[in-house]
Amino acid sequence: MLTGIGAALAGVGLVGPAENAFAAARTYTVGKTTDVAVGSARMYTVAGIPVLVTQPKKGVFKAFNGYCTHQQVQLSGLNGTNLVCEQHGSMFNTTTGKVTNGPARTGLATYKTVVSGTTLKVSL
Ligand code: FES
């Protein structure tokens with residue numbers, strides 16, 4: 001069954017500089033862990049980039065670039081354990097971001113997720 005991907009309406013906040021002063025990536029707070037139910041996906045806009053966060057297993061959060069690697073269309077569907085691009089039907093695994101159905105040939109870029117209590121953060 002194809003379902004839509006939830007979208008976050010709130011903006012994301014940048015974590016204080018002391019927390020990542022020596023890190024190449026910046027860490028952004030995107031929301032609460034409860035915003036992304038087990039088996040679902042949610043799209044956030046982080047520093048102007050669409051970022052898809054999934055929770056394929058309880059307590060395991062994954063984050064991916066939200067653009068399809070075929071022709072850079074924003075992903076918009078979820079079918080079981082696959083993120084779906086409705087433009088031409090490419091699918092990507094919700095745990096790894098790897099292609100499970102073409103025409104895309106390259107997996108999604110992945111980002112590190114950090115859970116702090118119930119706060120969900122993503123490093124870009
Ligand atoms: S743009 Fe996503 S499958 Fe073609």
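**Figure 1. Strands β4 and β13 pair antiparallel over 5 bridges.** Two strands count as paired when DSSP finds at least two bridges between them. Strands here are DSSP runs of E with at least two residues, and helices are runs of H or I with at least four; both are numbered from the N terminus. One pair to look for in this view is Thr-27 with its bridge partner Ser-123 in β13. Please keep in mind that this is a predicted model, in which local features need pLDDT of at least 70, side-chain atom pairs count only at pLDDT 80 or more, and totals for chains, interfaces and linings use all residues. Residues are numbered from 1 along each chain as its sequence is written.

**Figure 2. On β13, 5 bridges also join the strand to β12, and the two run antiparallel.** Val-114 has Lys-121 in β13 as its bridge partner, while Thr-113 stands opposite Val-122. The hairpin of β12 and β13 has 2 residues between the strands, and here Gly-117 takes a positive phi near 70 degrees. Strand β12 covers residues 110-116 and pairs with β7 in the antiparallel sense over 2 bridges. For that pairing, find Phe-64, whose bridge partner in β12 is Thr-110.

**Figure 3. Leu-120 is a residue of strand β13.** Is Leu-120 buried or exposed? Leu-120 is buried, because 24 other C-beta atoms lie within 10 Å. The cut-offs are 20 or more other C-beta atoms within 10 Å of the residue's own for buried and 12 or fewer for exposed, with partly exposed in between; C-beta atoms are placed from the backbone. Setting aside residues up to four places away in sequence, Leu-120 touches Val-30, Gly-31, Lys-32, Thr-33, Asp-35, Val-53, Phe-61, Thr-113 and Val-115. A contact means that the C-beta atoms of two residues, placed from the backbone, lie within 7 Å. Thr-34 is also worth locating: Leu-120 and Thr-34 are 86 residues apart in sequence and 9.0 Å apart in space, C-alpha to C-alpha.

**Figure 4. The largest nonpolar core has 26 residues.** Such a core is a set of buried Ala, Val, Leu, Ile, Met, Phe, Trp, Tyr and Cys residues joined through C-beta atoms within 7 Å. Which residues have the most contacts inside this core? They are Val-51, Leu-52, Val-53, Leu-83 and Val-122. The elements that give two or more residues to the core are β4 (27-32), β5 (41-46), β6 (49-57), β7 (60-65), β9 (82-84), β10 (91-93) and β13 (119-123). Val-51 touches Tyr-44, Val-46, Ala-63, Asn-65, Gly-66, Tyr-111 and Val-122, not counting residues up to four places away in sequence.

**Figure 5. Leu-52 sits in strand β6.** Leu-52 is buried because 27 other C-beta atoms lie within 10 Å. Leaving out residues up to four places away in sequence, Leu-52 touches Ile-5, Ala-41, Met-43, Ala-63, Phe-64, Gly-66, Leu-75 and Leu-83. From C-alpha to C-alpha, Leu-52 and Leu-83 are 9.2 Å apart in space, with their positions 31 residues apart in sequence.

**Figure 6. Three loops hold backbone geometry worth a closer look.** Most residues other than glycine have a negative phi, and most peptide bonds are trans. The peptide bond from Gly-102 to Pro-103 is cis, with omega near 15 degrees; Pro-103 lies in the loop between β11 (99-101) and β12. Ala-47, in the loop between β5 and β6, has a positive phi near 50 degrees. Ala-47 is exposed, because 11 other C-beta atoms lie within 10 Å. Gln-72, in the loop between β7 and β8 (77-79), has a positive phi of about 55 degrees. Gln-72 counts as exposed because it has 10 C-beta neighbours inside 10 Å.

**Figure 7. The whole chain has 0 helices and 13 strands.** Buried residues make up 31% of the 124 residues. Among contacts with a separation of 6 or more, 44% involve residues 24 or more positions apart. The average pLDDT, the predictor's confidence in each residue from 0 to 100, is 88, and 84% of the residues score at least 70. Over residues 9-21 the pLDDT is below 50, and this stretch has 17 contacts in the model beyond near neighbours in sequence.
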